[in-house]
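Here are some notes to read alongside the structure. Take them one at a time, and find each place in the model as you go.

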Amino acid sequence: MNTIKCFIIDDESHAVDLLKDYIANTPDLTLLGTSNSPMEGLAAVRNNKPDILFLDIDMPMLNGLELSTLLDPQIKIIFVTGYANHAVEAFEKNALDFLLKPISYPRFLTCIKKVMGSMVEKDSVKTGEQEQGFFYIKSDFGKIVKIDHESIVYIEASNNFITIFLNDTDYKAYITLKDIELHLPESSFSRIHKSFIVNTNKIKFINGNQIFLANKKVLQLGATYRDLFFKKLDLSILKKR
């Protein structure tokens, strides 16, 4: 596994110093930077693109829960706080972990082990799925259904299930967008909204924040996902030499 790039945003200097010490003494971790200001930290994270972000929740102007919605969804967020009552809301924001201050080194290592496990799982699943070009789901009717990547137009999340819209039909499955995202090749699929994943091969055109698909469906591009989506799309746009 490559070195895991870390960043810390916390308005308490002693908390930053503790995490810096833990990162420095843990193999396979490297610290890209720190910030005591949520606004400055947000800009730095967008520029540095860490793998994981240690993010304090209780900060002035912009708290960590609010800041997390403005980040690249590929960044794994580990919330850090002195208040246990934030745990539920933190995990609702798809946090990978939640560290309660004061943080012990053994608890920090448990967190890093979880990070490494999630990264290895994602890499191994991605490799296998990209090679075979399909996956299986258990539909809401109990049938095991084979789904070819190329037949998917888009996927929508709703409550505790997702709907996979194909060229000519659709299927519901009781899994999350995060679960199915592991099984989709990044070259063809993009998260464009907290509720949508789209097959970029099925896009007819884009107008502002609206994405028009081959099946005449129009999807909204979420602000959190906009920059990453257009950066990825830019690689395929023909340009004058």
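**Notes on the predicted model**

1. Let us start with a residue on the outside. At 76% relative accessibility, Lys-216 counts as exposed, since the cut-off for that word is over 50%. Look for Lys-216 in the loop between strand S14 (210-213) and strand S15 (218-220). Its backbone deserves a glance too: Lys-216 has a positive phi of about 75 degrees, although it is not a glycine.

2. Now step back to the whole protein, and please keep in mind that this is a predicted model. Seven helices and 15 strands make up its list of elements. Of the 241 residues in the protein, 42% are buried. The protein exposes about 13400 Å², and carbon and sulfur atoms supply 51% of that area. As for contacts between residues at least 6 apart in sequence, 52% of them join residues at least 24 apart.

3. Two other residues have a backbone like that of Lys-216. Met-61 is not a glycine, yet its phi is positive, about 70 degrees. Met-61 belongs to the loop between strand S3 (52-56) and helix H3 (64-68), and with a relative accessible area of 77% it is exposed. Lys-49 comes just after helix H2 and takes a positive phi of about 55 degrees.

4. Helix H2 itself covers residues 38-48, and its buried residues are Pro-38, Gly-41, Leu-42, Ala-44 and Val-45. Why might buried positions in a helix be spaced like some of these? An α-helix has 3.6 residues a turn, so residues three or four places apart point the same way. What covers the buried residues of H2? The cover includes strand S1, strand S2 (29-35), S3 and H3.

5. Next, look inside. The largest nonpolar core holds 20 residues, and the members that touch the most others are Ile-52, Phe-54 and Phe-108. Two or more residues come from each of strand S1 (4-9), helix H1 (13-24), S3, strand S4 (76-81) and H5. Which of these gives the most? That is H5, with five residues. Phe-108 is a good residue to click on: leaving out residues up to four places away in sequence, Phe-108 touches Leu-19, Tyr-22, Ile-23, Thr-26, Leu-29, Phe-54 and Ile-103. There is also a second, separate core of 18 residues, and among its members are Leu-65, Leu-67, Ile-77 and Phe-79.

6. What about the cysteines? A disulfide is a covalent bond between the sulfur atoms of two cysteines. The structure holds zero disulfides. For Cys-6, the nearest cysteine sulfur is that of Cys-111, 9.3 Å away. That distance is too far for a bond, so Cys-111 has no disulfide with Cys-6, its closest cysteine by sulfur position. Cys-6 is buried, at 0% relative accessibility, and Cys-111 is buried as well, at 0%.

7. Turn now to an open sheet of five strands, in the order S10-S9-S8-S12-S11, with antiparallel pairing. Strand S10 (170-173) and strand S11 (189-193) are its edge strands, each pairing on one side only. On average, neighbouring strands of this sheet are turned by 20 degrees against each other, ignoring direction. If pairing is a new idea, here is the background: strands of a sheet pair through backbone hydrogen bonds, either parallel or antiparallel. For an example, take S11 and strand S12 (residues 196-199), which run antiparallel and are joined by four bridges. Ser-190 stands opposite Val-198 in S12.

8. Gly-222 links this region to a later part of the chain. Its place is in the loop between S15 and helix H7 (223-234). Is Gly-222 buried or exposed? At 12% relative accessibility, Gly-222 counts as buried. Not counting residues up to four places away in sequence, Gly-222 touches Ile-192 and His-193. Gly-222 and Ser-195 are 27 residues apart in sequence, and their C-alpha atoms are 9.1 Å apart in space.

9. One last backbone detail: which kind of peptide bond joins Lys-101 and Pro-102? The bond is cis, with omega about -5 degrees. You can find Pro-102 in the loop between strand S5 (97-100) and helix H5 (105-132).

Note on methods
Residues numbered from 1 in each chain as written. Predicted model: local features only at pLDDT ≥ 70, side-chain atom pairs only at ≥ 80, totals over all residues. Heavy atoms only, no water. Buried < 20%, exposed > 50% of the residue type's maximum accessible area, 1.4 Å probe, protein only. Contact = heavy atoms within 4.5 Å. Areas by Shrake-Rupley, 256 points an atom, 1.4 Å probe, with all protein chains shown as cover. Pairing = 2+ DSSP bridges. Axes fitted to C-alpha atoms, helices over the stretch in contact; angles between N-to-C directions. Core = buried A, V, L, I, M, F, W, Y, C linked by side-chain atoms within 4.5 Å. Disulfide = S-S within 2.5 Å.
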